[in-house]
Structures are given as structure tokens and as C-alpha cells.
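Here is a friendly walk through one protein model, told as questions and answers. Have the sequence and the viewer open as you read.

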Amino acid sequence: MTDPSVIDLPRRRVVAAIGAGMALSILSPFARSTGVEYPFTLGVASGDPVPDGFVIWTRLAPMAGQLTATVVVRWSVATDPAMTRVVRRGQKLADTNFAHSVHVEVTGLEPGRPYWYRFEALGEQSPLGESRTAPARDQATNRALTLGFVSCSHWERGYFSAYRHLADERPDLVFFLGDYIYDSSYPAGSNKIIRAHALTDISDLAGYRNRYTQYKRDPDLQALHAAAPSVATWDDHEVQNDYANRWSQDPGVDPALFLKRRAAAYQAFYEHMPLRRASLPRGPDMRVYRRLDYGQLARFHVLDGRQYRTEQPCIQPDGRHGGHVATCADLDDPTRTMLGWEQEAWLRDGLRQSPARWNVIAQDLLVAPLVQKDLQTGAQGHWTDGWDGYSATRTRLLNHIDASRVPNPVFFGGDIHSFWTTDLQVANKTVATEFVGTSVTSDGPPYEAFKAILPLNPHVRFFDSRQRGYVSVTLGQRQMETRFQVVSDCRDPAATVSTLKRFVVEDGRTGAQDA
Ligand code: FE
Ligand code: CA
């Protein structure tokens, strides 16, 4: 595995590392012989909080070389940031099977409060992480919950200032909604490249691990993970652009072969995210759809929009998937599914039985239908890789939300590299509210061309594709406030942040209102 860190090491990290007396392990080719190999170069993370605990994560990845030995990693959780009041501790073995990653499901903690955690291995301490348990099931919390959601961080297109500014907000919980890494790269020499991927296109386990190793060394990404627990799902680029289930976007790829690639990509995702044992990959299969309850305030339904879907409709004459089409025979076929039948049923049950005031469906894509014009021909149509290619699933879901009177349904999404606020409708009645966040760095769609299609889509309340950023949310008993946050320039590692637009959703009243 080639080491991307030397060429792309962000300046702040070098300074921090030298300050910690680790300069040799980074800068000297003789680092190995000194015995100084700082192993926590990828930072720490926590995730999937419940009332009595959360997952804490790290991965040993010393700069100077790959580990081959099995290593004992000690961990501790404290009620204070100085780590003087340790309430849980233990140890785990890190080995080559999962690239020396460590996932600890911490239990026995108190609900609804902050904790701090740290790892130790090979004589070194990890950075400090902060996490937070969920409120108890019967707890009617008066405190508002603060959230953030992010998507689409292409390393090559810039710096992750959006992550840093979200970390500064110290949210209770962060949702990663997909395209956390990009499998593909810009051609060498492209003027799009602000900082290069270490490897170009990747398709095997070593390649995906290399990609996560590079991204995880980013100081802004590390700051966000260290600041708050997160909940991650994926979109396509964690595997391949516009893949669906076992089908590659490229025509003629044997699904059995593609599943090998998917298995490698899913394993690397598991190795680098604070996930529970329930998400352990089994061959090409891995469960990431799940629910999180925050007392009586909120239930989060986290979806997997990629693994179980039927092949995209309207496969093009050249065999390509996921295009812009006017229509075709199978576009609205009710026997097709985006989520898979099991996940669809699981979602309906979880919504119908929800005890919560707010039901947030956190997933990867724009849900609202969108009549688009082909950028070349101007012909009206739909983009089949998104929910518009799976309208039967959308119709079943929105009908169910309407019929079972799900309290305050709100969708969060990403993928489209632009901000959207929409009314999700059944027969012109708004039955759910939708917010989609812009990308952290990835290029947005052309603003003028999309602005021009808005009159064809009156259920769209807001759109902007011109800036990069994230979405910040305050969720209280009486209202949800959503802020579209933008960074000044993702090519600037010191970019500043501002608020582009605010919306509120009031309890009991579906649809966003200007704030
Ligand atoms: Fe993306
Ligand atoms: Ca995507």
C-alpha cells in the first residue's frame, strides 16, 4: 500500500505532529529504527448513540509503515474532558483482518449527557474524542437537539472546511449521508485538482483502504469526528458512481465480479466508520439501514439507497445505467424497488410505530420528483439513478406516511451537490418536508440550467447549487430550524462560514417556512 500522507500532509497536521514530538515518524525515512511510530494518525470517532452508550472507533495506521502484528488497544471513557473520572475502560485486539480498526460498543453509561474517550496502543495515546448518549426512551427532554448533515466530500476538489465549521458548532449528532470518499479521480494534470488522490481509480480492498486512509488524515474531518457522535450511511461513490445493487454503471460487467468489488468497498467502509457489530460485512452484504431513538423527541430512520435496489429503469441502448430519460416502459413499474422489499417493510413499520414527535428519514438522495431538461437537447425527462428512477417506492412510502399519520416526517438528503427544500406530496397534498444539503467540496450542477426548470417543479421551495457547505439543524419540541451553511471557498483551507438560508418546520404543520 502506498503511503499518501507524505505528499499531501496538511500543514496544520505537520505542525501539530512536530509539537507532539513525532516529527521523525513523519518526515524521516529512518523513523522505523527510532521506534517512534505514532499509530493514531487517522484520529478517533464515535457513533450510533443509544441511551446507555455509543460506539467508539479508531484505526492504527502509523505513517512509517504497515502494521502486521496484532496489537492490544486500551480504551477509556470519562465524564470529563481531562479524563480524570473514568467510568468505563477495556481493551481490544486490533489485527490485520480489519486493517487494525477498533470498534468498541460502550454500554452502561447515563442517558443524554456528554462523555470523553481515548485509546492507547504501542505506548501512545490517541487524540481525545467527545461523544454523547441519546436521551432515555421515556425522557421528555426539554433541551433542543442540535444536528448537522453532510455529504459529497471529494478530496480532489478542495478542503473540508465545512467539516471544521460543523465541528465548531459542537452538534449533538452528525449524519454522513454519502459520498464520504470518491472512488474515482480527475485525470492527472486536470485543473480541477486542488489536492490529488494518492491512487487514481480504485476497485480492490487495498485501494479502498488507501482512499479512506488519505481522507481520514484530513484534520477537519478528524475534528468533526472527534467533536460529536455520527451516523453514517453511504451513497454510490463509496463503491462506484451510479452502481445499483450488484450492477456496475459500466455495461457488460459480470454482477458476480462486481459483487467482489462491492465486498471490498463495504469492508473498507466498515473498517473506517464507528459502526456496530450489526453492520459487520458478510461477503458483499452489509447492513447499514437502522433506527436511532432520541427519547420522545425524535426517531431517525437511516436508509440504504444502494444495496438492495432493482436495476435502474430505462437501460440505454449502449447498456449504460442512470441517465436522463423522457420515459420508458419500466420507469414506474410497481414491481421495482429502491430500498428492497425488506427495507421498505422495515421502514413502514418503524414509521407507523414511532413514539417520537419528529420522524427524520436520513438518506442519500433528493426524494422529490424533478422534471429536468437534458443539458444537451433540452428534452424534458427524469434522472433515473435517483428516486425518480424508483417512483413506485416513493409513492408507496409517501402514501404510507399520509395514511398512518406519521408525526412530523422530515427527509434529509444529499448526492445532488446543491441545497433543496421541497414539499413531498401525494395528489398535491404536502405529506412530508424535505431538506437536501449541498456538497462539502464536490462540484454543483449548473445553477442557471437548474433555475430554469424550477417553474416545472412548483413543489420545490428553494434551490441553490453555487456554494459548498453543510446543513445545521436545531430540533425542539415545537419546531425544527434548518440552516443552510456555506463556506467562503472550499479551495481555501481557512475558509469562513455563513448562513445562506434558514427554514423552520412547526410541530404539526408539514412543510418548511421561511425563517
Ligand atoms: Fe457526490
Ligand atoms: Ca452520489
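A disulfide here is a pair of cysteine sulfur atoms within 2.5 Å. Keep in mind that this is a predicted model.

Q: How many disulfides does the structure hold, and which cysteines are joined?
A: By that cut-off, the structure holds 1 disulfide. Its S to S distance is 1.8 Å, and the cysteines joined are cysteine 314 and cysteine 328.

Q: Where in the chain do cysteine 314 and cysteine 328 lie, and how many residues apart are they?
A: Cysteine 314 sits in the loop between strand 13 (298–302) and strand 14 (324–325). Cysteine 328 belongs to the loop between strand 14 and helix 9 (341–352). The pair links distant parts of the chain, and the two are 14 residues apart.

Q: Is the disulfide of cysteine 314 and cysteine 328 left-handed or right-handed?
A: The torsion about the S-S bond is the value to look at, and for this pair it is about -65 degrees. The disulfide is therefore left-handed.

Q: Why does cysteine 490 make no bond to cysteine 152?
A: Cysteine 490 is buried, at 10% relative accessible area. The closest cysteine sulfur to its own is in cysteine 152, and that is too far for a bond because the distance is 12 Å.

Q: Which residues coordinate the iron ion (ligand 1)?
A: The donor atoms are SG, OD, OH and NE2, at 2.0 to 2.4 Å from the iron ion (ligand 1). In sequence, the donor residues follow the spacing C-x26-D-x2-Y-x234-H. They are Cys152, Asp179, Tyr182 and His417.

Q: Is the site of the iron ion (ligand 1) regular or irregular?
A: Four donors count as tetrahedral if all angles lie between 85 and 135 degrees. The angles among the 4 donor atoms here run from 85 to 164 degrees. The site is irregular.

Q: How many residues apart in sequence are the parts that cysteine 152 and tyrosine 182 tie together?
A: Cysteine 152 is in the loop between strand 9 (145–150) and helix 5 (161–168), while tyrosine 182 is in the loop between strand 10 (173–176) and helix 6 (205–216). Cysteine 152 is buried at 1% relative accessible area, and tyrosine 182 is buried at 4%. The parts tied together by this pair are 30 residues apart.

Q: Which residue bridges the iron ion (ligand 1) and the calcium ion (ligand 2)?
A: The iron ion (ligand 1) and the calcium ion (ligand 2) lie 3.8 Å apart. The residue bridging them is aspartate 179.

Q: Which element gives the most residues to the largest nonpolar core?
A: The largest nonpolar core has 41 residues, and Val150, Phe176 and Tyr208 are among those with the most contacts inside it. Elements that give two or more residues include helix 5, strand 10 and helix 7 (219–227). The element that gives the most, with 7 residues, is helix 8.

Q: How far apart do the C-alpha centres of domain 1 and domain 2 lie?
A: The domain assignment gives domain 1 (20–132) and domain 2 (145–514). Their contact takes 31 residues from domain 1 and 29 residues from domain 2. The C-alpha centres lie 29 Å apart.

Terms used: Residues numbered from 1 in each chain as written. Chains lettered and ligands numbered in written order. Predicted model: local features only at pLDDT ≥ 70, side-chain atom pairs only at ≥ 80, totals over all residues. Heavy atoms only, no water. Donors = N, O, S within 2.8 Å, 3.2 Å for Na, K, Ca; no water. Tetrahedral: all angles 85-135°; square planar, octahedral: opposite > 155°, others 65-115°. Helix = DSSP H or I, 4+ residues; strand = E, 2+ residues; numbered from the N terminus. Buried < 20%, exposed > 50% of the residue type's maximum accessible area, 1.4 Å probe, protein only. Core = buried A, V, L, I, M, F, W, Y, C linked by side-chain atoms within 4.5 Å. Domains from an automatic or database assignment. Contact = heavy atoms within 4.5 Å.
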